[in-house]
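Please open the model in your viewer, with the sequence panel beside it, and follow the selections below in order. Each stop says what to select and what is to be found there.

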Amino acid sequence: MSTSSPRDAAETSAESALVAAARGDQAAFAAFYDATAAAAHGTVLRVLRDPAQSEEVVQEVFLEAWRTAARFDPARGSARAWVVTMAHRRAVDRVRAAQASANRDEKVGVRELPPYDSVSEEVQVLLEQDEVRRALTSLTPLQREAIDLAYYGGRTHRQIADDLAVPLGTVKTRLRDGLIRLRDAMGVVSA
């Protein structure tokens, strides 16, 4: 009396389907796919942790399985183990390729970056701040107040108008005139 489990029957079914697929039987390959796709997908998903990439890799694995089905040897292992091994190898290859690409990008990025001088950057910022402060002194008090509320206070034009109890058009005029005067005082050439 033989005691074969449902899993053994499924393995035998998958193996016979793969052997038939090696002879070009598309229906047999569909049966092989149905019997082994979940295991292959699960293996790939555990390695990649990305469902979209996992589906892509599983598709590549089954395409390879279709093309190389004649190489399957039932004496060396089950059809399920064969396809899961291919899936695992393909997933690991994908991870390695992604890591190699990231390493290349990092090396190229590091090589292409000019040396960064934080001291000169800080000095440049301080000089620009001093230039802006000097230019702000050339504004009328009304223009300076409107620009201060807009750019340093983060207020909208409507909020400035409400705060200063002046019409919105007046605020916009003060801001425009103030910005023009700042541009001229800082020597910025308009394009």
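Begin by selecting A35, which is partly exposed because its relative accessible area is 40%, a value that falls between the cut-offs for buried and exposed. Bear in mind throughout that this is a predicted model. A35 belongs to helix α2, and if you add A14 to the selection you will have two residues that are 21 positions apart in sequence, while their C-alpha atoms are 6.2 Å apart in space.

**The pair α2 and α3**

Extend the selection to the whole of helix α2, residues 26-48, together with helix α3, for which the axes are 9 Å apart and the packing angle is about 140 degrees. That angle makes α2 oblique to α3, and the crossing in which α2 passes α3 is right-handed.

To see which residues make this contact, show side chains on both helices: α2 contributes Q26, F29, F32, Y33, T36, A37, A40, H41, V44, L45 and L48, and α3 contributes P51, Q53, S54, E55, V57, V58, F62, A65 and W66. If you colour these residues by class, the contact of α2 with α3 divides into 14 nonpolar, five polar and one charged.

Two residues of this contact deserve a separate look, beginning with S54. Is S54 buried or exposed? S54 counts as buried, because its relative accessibility is 0%. S54 sits in helix α3, which covers residues 51-67, and, leaving aside residues up to four places away in sequence, S54 touches H41, V44, L45 and L48.

Next select W66, whose place is also in helix α3. With a relative accessible area of 31%, W66 is partly exposed. When residues up to four places away in sequence are not counted, W66 touches A21, G24, D25, Q26 and F29. Adding A22 gives a distance worth displaying, since the C-alpha atoms of W66 and A22 are separated by 7.2 Å although the two residues are 44 residues apart along the chain.

Before leaving this pair, select R49, which is placed in the loop between α2 and α3. The phi angle of R49 is near 60 degrees, a positive value in a residue other than glycine, and R49 counts as exposed, with a relative accessibility of 72%.

**The two domains**

Now zoom out and colour the chain by its domain assignment, with domain 1 spanning 8-116 and domain 2 spanning 120-190. How far apart are the centres of domain 1 and domain 2? Taken over C-alpha atoms, the two centres are separated by 62 Å.

**The pair α5 and α8**

Select helix α5, residues 118-136, and helix α8, residues 168-186, which pack at an angle of about 125 degrees with their axes 9 Å apart. The two helices are therefore oblique to each other, and the crossing of α5 and α8 is right-handed. Their contact is made by E131, V132, A135 and L136 on the side of α5 and by L182, A185 and M186 on the side of α8. Sorted by class, the residues of the contact of α5 with α8 are six nonpolar, no polar and one charged.

While α5 is still selected, pick out Q124, which lies in that helix and is partly exposed, with a relative accessible area of 42%. A distance drawn from Q124 to D177, C-alpha to C-alpha, comes to 27 Å, for two residues that are 53 residues apart in sequence.

**The pair α7 and α8**

Keep α8 in the selection and bring in α7, for the axes of these two helices come within 8 Å and cross at roughly 110 degrees. That angle makes α7 roughly perpendicular to α8. The residues to display are H157, R158, I160, A161 and L164 of α7, facing L168, V171, K172, R174 and L175 of α8, and by class the contact of α7 with α8 divides into six nonpolar, one polar and three charged.

The last stop is A165, found in the loop between α7 (157-164) and α8. Phi of A165 is near 55 degrees, which is a positive value in a residue other than glycine, and A165 is exposed, with a relative accessible area of 68%.

How values were computed:
Residues are numbered from 1 along each chain as its sequence is written. This is a predicted model: local features need pLDDT of at least 70, side-chain atom pairs count only at pLDDT 80 or more; totals for chains, interfaces and linings use all residues. Side-chain values use heavy atoms; hydrogens and water are left out. Axes are lines fitted to C-alpha atoms, for helices over the stretch in contact, and angles run from 0 to 180 degrees between N-to-C directions. Helices (H or I, at least four residues) and strands (E, at least two) are DSSP runs, numbered from the N terminus. Angles under 35 degrees count as roughly parallel, over 145 as roughly antiparallel, 65 to 115 as roughly perpendicular and the rest as oblique. A crossing is left-handed if the near helix is turned anticlockwise from the far one by less than a right angle, and right-handed if clockwise. Contact means heavy atoms within 4.5 Å. Ala, Val, Leu, Ile, Met, Phe, Trp, Tyr, Cys and Pro count as nonpolar, Asp, Glu, Lys and Arg as charged, and the others, Gly among them, as polar. Domain bounds come from an automatic or database domain assignment. Buried means under 20% relative accessible area, exposed over 50%, partly exposed in between (1.4 Å probe, protein chains only).
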